[in-house]
Amino acid sequence: MVFSSNIFLFLFLPAFLGLYYLTPFRHRSWVILLGSYAFYAWWRVDFLLLFVAVTLWNYVIGLGIHHSGIGTARARKWVAVGIAGDLATLGYFKYANFGVDSLNSLFVSLGYQPLELAHIILPIGISFYIFQAISYVVDVYRGDTEPTRRFVDFAAFIALFPQLIAGPVLRYKDLADQFAYRTHTLEKFGEGAIRFMQGFIKKVFIADSIAPLADSAFALSDPSTADAWLGILAYTAQLYFDFSGYSDMAIGLGLMMGFRFIENFNQPYISQSITEFWRRWHISLSSWLRDYLYIPLGGNRGGVFSTYRNLLLTMLLGGLWHGANWTFLLWGAWHGGLLAIERALGVSGAPRSFRVSRWLMTFLFVMIGWVTFRASTIGSAFEFYGAMFSFSGFELSSVYLKDIRGLNVAILALAYLIVVVMGMRDRFSWSLNGVRSTPLRVVLPTLLLPVFLMAVLKLSAESFSPFLYFQF
């Protein structure tokens with residue numbers, strides 16, 4: 001089940017919220033747990049068993065760490081066993097096919113028979129809930145959070161359906177107090193509804209309308225330079241509006257349930273360096289990689305070479321987390337290398353002034369990286385690069401034009417207008433204080449509602465379109 005579906009909008013969500021608010025507060029974690037399990041099982045019931053097993057495993061590990069005492073050798077054994085179990089689960093389901101395929105390519109090139117392995121289905125959302133489970137056991141070990149006394153609260157945290165499939169990557173220590181006590185007000189519910197509608201419009205009205213531009217360009221066997229640049233511009237916008245749209249919807253749903261999640265995007269395409277980009281893009285993942293990978297590797301404490309190595313390793317593993325493909329490793333290496341270069345040059349991740357040249361250069365670097373992120377193979381990625389930088393064929397090809405419409409291009413232009421306006425508003429602290437006579441909390445729903453209804457109609461008229469980050 002996905003947020004951008006009629007069955008979610010008109011059946012699951014009203015039924016869940018109705019039951020949730022009719023239930024006394026002390027029992028609402030049970031409603032969250034059972035509702036989230038139903039949401040997950042809608043995809044495949046059998047993988048719900050794996051989900052429950054991972055939850056039980058990490059709950060027991062957390063109790064074992066706590067009873068062993070913070071910082072003791074026994075606690076270290078518990079956390080090592082817990083993380084090993086989590087990573088083994090993730091490794092088997094997400095990377096076994098990739099590992100066998102890579103080995104088979106090597107064996108075949110050497111003249112040996114390939115290995116045989118039944119195709120393993122990737123459980124949806126496993127990357128996100130495994131990372132959340134790891135952060136829980138590590139935080140318990142570090143003493144950053146107490147292990148939950150109520151299993152249902154921990155299980156509901158892991159299963160919390162708004163963020164279950166594609167994040168944000170939440171941490172139990174940030175939500176523990178909210179499971180014990182949270183407010184439910186009409187104002188907070190309304191804020192959540194507005195945020196949900198914003199995300200829905202981003203996904204259905206903008207991202208899905210841009211998608212044909214990107215899909216068609218990357219499917220071309222011989223794209224022109226114009227085809228390639230329009231295609232990567234489209235994918236750059238599509239990925240942002242698709243994923244930030246999901247995050248907005250998740251945050252909005254959390255507010256409707258009384259939870260306040262962390263923000264996951266902060267106008268990343270206005271960044272003036274790759275360092276700043278990763279402070280604004282997928283914030284929950286970048287902070288997770290920093291706190292649970294980069295810093296444990298040594299961070300910047302071991303000298304210049306160690307710092308660069310740790311940056312590169314962190315981004316390589318961050319790339320591999322996104323998918324079992326050499327393209328994601330290359331994407332991670334690209335960003336890790338750029339981060340190391342910026343560190344060597346002393347580039348600030350929080351610039352005080354705005355320079356157009358640095359912004360454009362950063363945006364170009366990000367787009368170059370998105371080519372490998374989108375391409376199915378490294379070979380096809382470099383073929384796409386060849387089209388981009390050959391500077392031959394400055395007109396859209398007839399094959400490409402058959403698959404796209406003027407409306408697609410118009411919405412792409414609208415998407416970038418939104419990116420620039422909202423980015424400049426963030427960068428220069430533009431405000432709307434001049435419209436004090438009409439409070440934004442009245443104007444915004446009035447403007448959003450008709451566009452949201454149009455997006456619902458568009459969704460109903462078109463085929464099913466999952467979120468891009470479901471594949472990760």
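The crossing of α9 and α18 is left-handed (the near helix is turned anticlockwise from the far one by less than a right angle). This is a predicted model: local features need pLDDT of at least 70, side-chain atom pairs count only at pLDDT 80 or more, and totals for chains, interfaces and linings use all residues. Residues are numbered from 1 along each chain as its sequence is written, and side-chain values use heavy atoms, without hydrogens and water.

**Helix pair α9 and α18**
- The axes of α9 (residues 186–219) and α18 (residues 406–427) come within 9 Å and cross at roughly 125°.
- The two helices are therefore oblique to each other (neither under 35 degrees, nor over 145, nor 65 to 115).
- From α9, the contact (heavy atoms within 4.5 Å) takes in F205, I206, S209, I210, P212 and L213.
- From α18, N408, V409, I411, L412, A415 and I418 take part.
- By class, the α9 contact with α18 has 10 nonpolar, two polar and no charged residues.

**Helix α8**
- Y172, L175, A176, Q178 and F179 are the buried residues (under 20% relative accessible area, 1.4 Å probe, protein chains only) of α8 (residues 172–180).
- These buried residues pack against α2 (28–41), α5 (126–142) and α6 (151–159).

**Confidence**
- The chain averages a pLDDT (the predictor's confidence in each residue, from 0 to 100) of 89, and 94% of the residues score at least 70.
- Among the elements of the chain, α15 (residues 356–374) has the highest mean pLDDT, 96, and α19 (residues 440–461) the lowest, 76.
- Over residues 431–440 the pLDDT is below 50.
- Beyond near neighbours in sequence, that stretch has three contacts in the model.
- Where pLDDT is low, the predicted coordinates should not be read in detail.

Methods
Buried means under 20% relative accessible area, exposed over 50%, partly exposed in between (1.4 Å probe, protein chains only). Helices (H or I, at least four residues) and strands (E, at least two) are DSSP runs, numbered from the N terminus. Axes are lines fitted to C-alpha atoms, for helices over the stretch in contact, and angles run from 0 to 180 degrees between N-to-C directions. Ala, Val, Leu, Ile, Met, Phe, Trp, Tyr, Cys and Pro count as nonpolar, Asp, Glu, Lys and Arg as charged, and the others, Gly among them, as polar.
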